[in-house]
Amino acid sequence: MLRFHNTLSGRVEEFQPMIPGEVGFYYCGPTVWNYGHIGNFRSAVAADIIRRYLKFKGFKVNHVMNITDVDDRIIQQAALANQSLDDYTAKYIDALWEDFDALGCERPEVVPRATRHIPEMVTIIEKLLDKGHAYKSDGSIYYRIASFPSYGKLSRINFEGNIAGASERIDTDKYEKEDARDFALWKEPDSDAEPSWEASIGSGRPGWHIECSAMSMKYLGETFDIHAGGVDLVFPHHENEIAQSEGATDKQFVRYWLHFEHLKVEGETMSKSKGNYYTFRDVAAKGYSGAAVRYFLLSVPYNKQLNFTFDALAGAEKTVASLRDFRARLSEAKTEPGNNEELHEAAERALKEFEAGMDDDLNTSIALAAIHNLSREVNTALARKKVKEENKRELLELLTRFDTVLNVLGDQQTELLDSEVQALIDERQEARRRRDFGRADEIRIELADRGIVLEDTKDGVRWKRK
Ligand code: AMP
Ligand code: ZN
């Protein structure tokens, strides 16, 4: 029985989708003002584990991940670079997919962009104005929190007193509001130079929260099963999404809310604003593979804090290598016909433990422990030549099945020849000469994935095998 901790009830609950066998799942995706850091990817990997495990359990999954391609930071950076919003964000959207691929995250079924859904946002804002949940002030439009009595039901924050500035991401809008808690749905541009959209509600640009209400309901319906994101989003982002969506439809918006704990660095949340972050590119440049970063990020259950250190990453690299070795040894083992009952039971036990761990609010530590126990037992049996043909087939199939969720074993790749490494390095140099840094990065990441570390020296590029 699959169970999730639902932030809305504050309890672990059995998961039952609205439509048997099908799940609608929305994940608050990245703001593409820059490269994502590996904290962001902890959340992306956690969302990937949700989708993959739901599929493992036989559900058909409709996974939607938005891309926030308009916000204050993007507007500011695009203006500095003298580029349109689309031109500015294109590079970071490409980078996002490269990082997604390197980290073994499957593409969600739908990846809507905020700038492509302005009419849907306007429709909701019109409804909120009609129903008295929103008001205009100085050309902008605000949500009237006093009109939504259950505001606060997700975060259970006590709203006594003035909370403006209580959260890093709270809207401290400068215009006139009826109440300090009210937040912007639609913002009047500060100047003619600022990007804005013409709409029935006036010319402006959307607030951040409205995009997720509009895009989730468009693709998943007014009520859907799962909504997830990092813990920083519980308040105000998700609280505001509930107020907007339920205010507009009078229906329950989301049935299960899942929130991922943050990746920390020395006890502090990894974030761009704190400056204590690494992008995936930073760690790949130090020679860590996508699979190791993924393993590190998923090695601790999503609802537990995880501390980033390079030692931990190096440990993950070794563990992934040992799991890959285990599979290689097993698949190369010469076996006799037959079935060793003890090993058959070990395989069944591992599957049970894996599933029990994942069913229990996606406890990846227990799931991984099941695999490590199995690998110890089978390694011993391999050394004693006790693995039979039937066991080998069953165990290899089981590893493949586990890996549909974990995705750290990779394809069984052969080692790159020296000449192949050199050809890729030459191609990378050529790409850099063309200033095609996207392609150059791609090659470096591919090489890192295959165990090749590059070092740029003044005499050219040196490489070694890890
Ligand atoms: P953003 O690009 O800031 O909109 O964030 C994209 C996703 O990453 C959101 O779901 C955030 O909650 C999540 N996130 C941001 N920082 C961290 C962190 N240090 N650890 C885990 N998730 C994070
Ligand atoms: Zn969102």
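**Exercise 1. Determine what share of the contacts with a separation of 6 or more joins residues 24 or more positions apart, and describe the overall fold in numbers.**

*Solution.* Residues 24 or more positions apart account for 76% of the protein's contacts with a separation of 6 or more. The model examined here is a predicted one, and its secondary structure comprises 14 helices and 15 strands. The next step sets the radius of gyration, 25 Å, beside the 23 Å that the globule rule gives for 466 residues; the two values are close, so the protein is as compact as a globular protein of that length. Taken along the principal axes, the box filled by the C-alpha atoms is roughly 80 × 60 × 35 Å.

**Exercise 2. Characterise the burial, the surface and the charges of the protein.**

*Solution.* Begin with burial: of the 466 residues, 53% are buried. Turn then to the surface, where about 21000 Å² is exposed and carbon and sulfur atoms supply 47% of that area. Finally, count the charged side chains, which gives 63 positive and 79 negative ones, with the centres of the two sets lying 4 Å apart.

**Exercise 3. Identify the donors of the zinc ion (ligand 2) and place the two cysteines in the chain.**

*Solution.* A search for N, O and S atoms within 2.8 Å of the metal is the first step; the zinc ion (ligand 2) is coordinated by SG of Cys28, SG of Cys212 and NE2 of His237, at 2.0 to 2.2 Å. Written as a sequence pattern, the spacing of these donor residues is C-x183-C-x24-H. The cysteine pair links distant parts of the chain, 184 residues apart, since cysteine 28 belongs to the loop between β3 (22-27) and α1 (38-56), whereas cysteine 212 belongs to helix α5 (residues 208-220). As for accessibility, both cysteine 28 and cysteine 212 are buried.

**Exercise 4. Examine the backbone at proline 236, arginine 156 and aspartate 250, and assign an exposure class to the latter two.**

*Solution.* For proline 236, which is placed in helix α6 (residues 234-249), the peptide bond that leads from phenylalanine 235 is cis, its omega being near 0°.

Arginine 156, in the loop between β6 (140-143) and β7 (183-187), is a residue other than glycine with a positive phi, near 50°. Its relative accessibility is 48%, and therefore arginine 156 counts as partly exposed.

Aspartate 250, although not a glycine, likewise has a positive phi, of about 60°, and its place is in the loop between α6 and β10 (254-260). Since exposed means over 50% relative accessible area, aspartate 250 with its 61% is exposed.

Conventions
Residues numbered from 1 in each chain as written. Chains lettered and ligands numbered in written order. Predicted model: local features only at pLDDT ≥ 70, side-chain atom pairs only at ≥ 80, totals over all residues. Heavy atoms only, no water. Helix = DSSP H or I, 4+ residues; strand = E, 2+ residues; numbered from the N terminus. Rg over C-alpha atoms; globule rule 2.2 N^0.38 Å. Buried < 20%, exposed > 50% of the residue type's maximum accessible area, 1.4 Å probe, protein only. Contact = heavy atoms within 4.5 Å. Areas by Shrake-Rupley, 256 points an atom, 1.4 Å probe, with all protein chains shown as cover. Lys, Arg positive; Asp, Glu negative; His and termini not counted. Charge placed at Lys NZ, Arg CZ, Asp CG, Glu CD. Donors = N, O, S within 2.8 Å, 3.2 Å for Na, K, Ca; no water.
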